[in-house]
Amino acid sequence: MTISATQKIPSYSEIPEHIAVIMDGNGRWAKQKHLPRVFGHKKGLDALENLVRCCFDAQVKYLTVFAFSTENWRRPLEEVNFLMELFLSALQKKVTLLYKNNICLRVIGDRNRFSKSICEHIQKAETLTQNNTAMTLTIAADYGGKWDILQAVNKLLAAGKTEITESDLAANLMLSDIPDPDLYIRTGGEKRISNFMLWQMAYAEFYFTDILWPDFGREEFDNALNSFKKRERRYGRTSEQLPIEQQRP
Ligand code: IPE
Ligand code: IPE
Ligand code: MG
């Protein structure tokens, strides 16, 4: 992974600091090719590797991807098992590359249902890469937005809180130490949030594409960034109130 000299890097304000992605459409991609669904997941991992490279090149600081939701345990056992194997093998094979590229890896979600081996590899990867500074890649696995809010509330209750403020809750969510997503991309044509980061997505710009996740490449990534550049982020204010530099053509 290197930054190509010819790459045009837009000015900082045009680049989302944090991109969150629902990598959807693996099963349909495989089905279209008359292959078992799991082939789509395998190909989806390649697409993720490519996305990390795209974000790295564009100097996106934080990338958070939804790999497995709380609800995905409802899938057929063979598919769940395959996804767990793929997760473990990616942790075994890809972490060195992340480390060498100064990328910090984090995993968010409920770890109670993962195998001991997966938990150990997550721990190892997080420890190895914790001081890396070029970019942070977060994998949401056995993650649900509702789960995230509840675990934050329960932490606050355990600490004796009887009344919770917005900043209390925000400070106890997963990823409380990084900015909320600026851009949320979902592939695969569905226009829903599927229990991803519910609280953190309050002011994210949404970008939906029909492209199935295994086909999501640099061109699609650039389309998403170009769409983001045209958004005017008002946060409740009027256009006229915004500072000049925030107004987009
Ligand atoms: C997303 O692709 C990957 C996971 C949920 C793990 P899907 O497996 O949901 O693919 P489709 O939506 O069935 O095509
Ligand atoms: C969302 O995709 C979760 C992940 C991509 C990991 P799903 O395919 O599970 O979402 P639904 O079920 O169509 O809403
Ligand atoms: Mg899906």
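Where does L175 lie? L175 lies in the loop between α6 (166-172) and β5, and its backbone geometry is taken up again in the last section.

## Basis of the model

This is a predicted model, in which local features need pLDDT of at least 70 and side-chain atom pairs count only at pLDDT 80 or more, while totals for chains, interfaces and linings use all residues. Residues are numbered from 1 along each chain as its sequence is written, chains are lettered from A and ligands numbered from 1 in the order in which they are written, and side-chain values use heavy atoms, with hydrogens and water left out.

Helices (H or I, at least four residues) and strands (E, at least two) are DSSP runs numbered from the N terminus.

## The sheet

Six strands form an open sheet in the order β3-β4-β2-β1-β5-β6, and the pairing is parallel; two strands are said to pair if DSSP finds at least two bridges between them. Strands of a sheet pair through backbone hydrogen bonds, either parallel or antiparallel. The edge strands here are β3 (103-108) and β6 (205-208), each of which pairs on one side only, and the twist averages 20° from one strand to the next.

At one edge, β3 pairs in the parallel sense with strand β4 (residues 135-143) over six bridges, and L105 stands opposite L137 in β4. Towards the other edge, β5 and β6 pair in the parallel sense over four bridges, with Y184 standing opposite F206 in β6.

## Strands β1 and β5

Strand β1 (residues 18-22) pairs in the parallel sense with β2 over five bridges, and four bridges join β1 to strand β5 (residues 183-186), which also runs parallel to β1. I19 has a bridge partner in each of these neighbours, namely L63 in β2 and L183 in β5, while A20 stands opposite Y184 in β5.

Five of the five residues of β1 are buried, so this strand is largely enclosed by the rest of the structure; buried means under 20% relative accessible area, exposed over 50%, and partly exposed in between, computed with a 1.4 Å probe on protein chains only. From β1, H18, A20 and I22 point one way and I19 and V21 the other way, and all are buried. Both faces of β5 are covered as well, with L183 and I185 on one side and Y184 and R186 on the other all buried.

## Helix α3 and its neighbours

Helix α3 lies across β2 (62-69), β3 and β4, and runs at about 155° to β3. Axes are lines fitted to C-alpha atoms, for helices over the stretch in contact, and angles run from 0 to 180 degrees between N-to-C directions; contact means heavy atoms within 4.5 Å. The axes of helix α2 (residues 37-57) and helix α3 (residues 77-100) come within 11 Å and cross at roughly 25°. That crossing angle makes α2 roughly parallel to α3, given that angles under 35 degrees count as roughly parallel, over 145 as roughly antiparallel, 65 to 115 as roughly perpendicular and the rest as oblique. The crossing of α2 past α3 is right-handed, a term used if the near helix is turned clockwise from the far one by less than a right angle, and left-handed if anticlockwise. In this contact, R37, V38, H41, K42, L45, E49 and V52 of α2 meet E79, F82, L83, L86, A90, K94, L97 and L98 of α3. The residues of the contact of α2 with α3 divide into nine nonpolar, one polar and five charged, where Ala, Val, Leu, Ile, Met, Phe, Trp, Tyr, Cys and Pro count as nonpolar, Asp, Glu, Lys and Arg as charged, and the others, Gly among them, as polar.

The axes of α3 and helix α4 (residues 116-129) come within 10 Å and cross at roughly 15°. That angle makes α3 roughly parallel to α4, and the crossing of α3 and α4 is left-handed. The contact is made by M84, F87, L88, L91, Q92, V95 and Y99 of α3 and S117, I118, H121, I122, A125, L128 and T129 of α4; by class, this contact of α3 with α4 has ten nonpolar, four polar and no charged residues.

## Residues with positive phi

L175 has a phi near 65°, a positive value in a residue other than glycine, and L175 is buried, with a relative accessible area of 7%. Y235, found in the segment after α7 (218-229), has a positive phi of about 45° although it is not a glycine, and Y235 is partly exposed, with a relative accessible area of 40%.
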